[in-house]
Amino acid sequence: MALLDDVKSELAAIDNELPAAKKAQATAMIRFGGGLRLVQRQIIVQAQFDSLEAAKWLQDTIRTLYGHEATLTQVARQTPNGVVQRYLIHIERGGAALALQTGLLDRRKQLVRGLPPEIINGNIAQVKAAWRGAFLAHGGLSDPGKASYLEITCPCNEAALALAGAARRLGISAKPRQLRSSERITLKDPDAIERMLNLMGAPRSAREWTGKRSDGEARGKANRLANFDDANMRRSAKAAAEASEKVRKAFEILGDDIPENLKAAGRLRLDHSDASLEELGRLADPPITKDAIAGRIRRLLQLAEKTAKANGQEF
């Protein structure tokens, strides 16, 4: 969560955008943070955020750009992980006028369920700002070392489709999906996530996320290699122990009637039960290859099996 907080703080600190981009960001923050409600025939604008900086940005922008006063209230919410703080922006007086100004109500005073066309079809600065506003309102980012994702929870399918279309204009593929009865837009490709963070205006956080992700992947690879090596060692030790037991049984069945080279190979296996075939080959006198030592042990066991069958014994 610390990195997600850093991303939102960096995005909320952007203050050099032109009015059109600020309007796109504010509109997206309202749409994805809560939207419009009709109370006693009055339109109430309300949006909730997990970032105080984001809530303050929207409050200031509503006042300076649209001329309306917004109330900021801190709300404590109980979650399975404990109590969390949320920040509520509430505009009661002038809500209908603000909705029209932002484009969340069209000229016929019908609710725009996604994002206004003038934002989706606007310039690239507006498209970036719309994604920034949606992320500030309801965005999530994976912790480094875990499966990569950048995700925005959307209020409806139309809003998710609007963000998908905006992402395409930025050269990024983002597909809507439904998860636990909520609509979401998700990026999973690490390169696309890094690019989107930069496009939204969080280059510092993008570098930090990429750096920590790379470190996590390096540690994960090292752990996987170590686990692989351990597994190979366990398999080799088990195979050596099984081979030693078979050689011991072969010696019992064959007695002294064993060719000298096969007996020497079998004795090496019994004397060095934990050694690999390559190590046994080096210990032979004279040294031989691991294939040669393996072949002699195999012929020893085949000879014992043939003798056991002839004598009616089990091997």
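In helix α6, the buried residues (buried meaning under 20% relative accessible area, exposed over 50%, partly exposed in between, with a 1.4 Å probe and protein chains only) are Gln126, Val127, Ala129, Ala130, Trp131, Arg132, Gly133, Ala134, Phe135, Leu136 and Ala137. That is eleven of the 15 residues of α6, so the helix is largely enclosed by the rest of the structure. Helices here are DSSP runs of H or I with at least four residues, strands are runs of E with at least two, and both are numbered from the N terminus. The end C-alpha atoms of α6 are 21 Å apart, which agrees with the 21 Å that its 15 residues should span at 1.5 Å a residue; the expected span is 1.5 Å times one less than the number of residues.

All of this comes from a predicted model, where local features need pLDDT of at least 70, side-chain atom pairs count only at pLDDT 80 or more, and totals for chains, interfaces and linings use all residues. Residues are numbered from 1 along each chain as its sequence is written, and side-chain values use heavy atoms, with hydrogens and water left out.

Helix α6 (residues 124-138) also gives the largest share, eight residues, of the largest nonpolar core. A nonpolar core is a set of buried Ala, Val, Leu, Ile, Met, Phe, Trp, Tyr and Cys residues joined through side-chain atoms within 4.5 Å. This one has 64 residues, and Phe32, Leu58, Trp131 and Leu141 touch the most other members. A second, separate core of 18 residues includes Ala265, Leu268, Leu280 and Ala304. In soluble globular proteins, nonpolar side chains tend to be buried together.

Phe32 belongs to helix α2 and is buried there, as are Ala21, Ala24 and Met29, among others. Eleven of the 15 residues of α2 are buried, leaving the helix mostly covered. Helix α2 (residues 19-33) reaches 20 Å from its first C-alpha to its last, close to the 21 Å expected. Just after α2 comes Gly35, with a positive phi of about 100 degrees. Leaving aside neighbours within four places in sequence, Phe32 is in contact (heavy atoms within 4.5 Å) with residues including Leu115, Ala134, His138, Thr153 and Cys154.

Thr153 sits in strand β6 (residues 150-154) and counts as buried at 19% relative accessibility. Besides Phe32, Thr153 touches His138, Ser182, Glu183 and Arg184, not counting residues up to four places away in sequence. His138 is 15 residues from Thr153 along the chain, with 5.6 Å between their C-alpha atoms.

As for the cysteines, the structure holds zero disulfides, a disulfide being a pair of cysteine sulfur atoms within 2.5 Å. Cys154 is in no disulfide, and the nearest cysteine sulfur, that of Cys156, is 7.8 Å away. Cys154 is buried at 7% relative accessibility, and Cys156 is buried too, at 10%.

At the start of the chain, Ala2 lies in helix α1 (residues 2-12) and is exposed, with a relative accessible area of 58%. Ala2 and Asp143 are 141 residues apart in sequence, yet their C-alpha atoms are 8.9 Å apart in space.

Zooming out, the domain assignment gives domain 1 (1-213) and domain 2 (219-311), with bounds that come from an automatic or database assignment. Their C-alpha centres lie 66 Å apart. An unreviewed UniProt entry lists residues 21-105 as "domain: Sporulation transcription regulator WhiA N-terminal". That span is 42% helix and 39% strand, and its end C-alpha atoms lie 18 Å apart.

How values were computed. UniProt positions are given in the numbering used here, feature names are shortened, and annotations may be inferred rather than shown by experiment.
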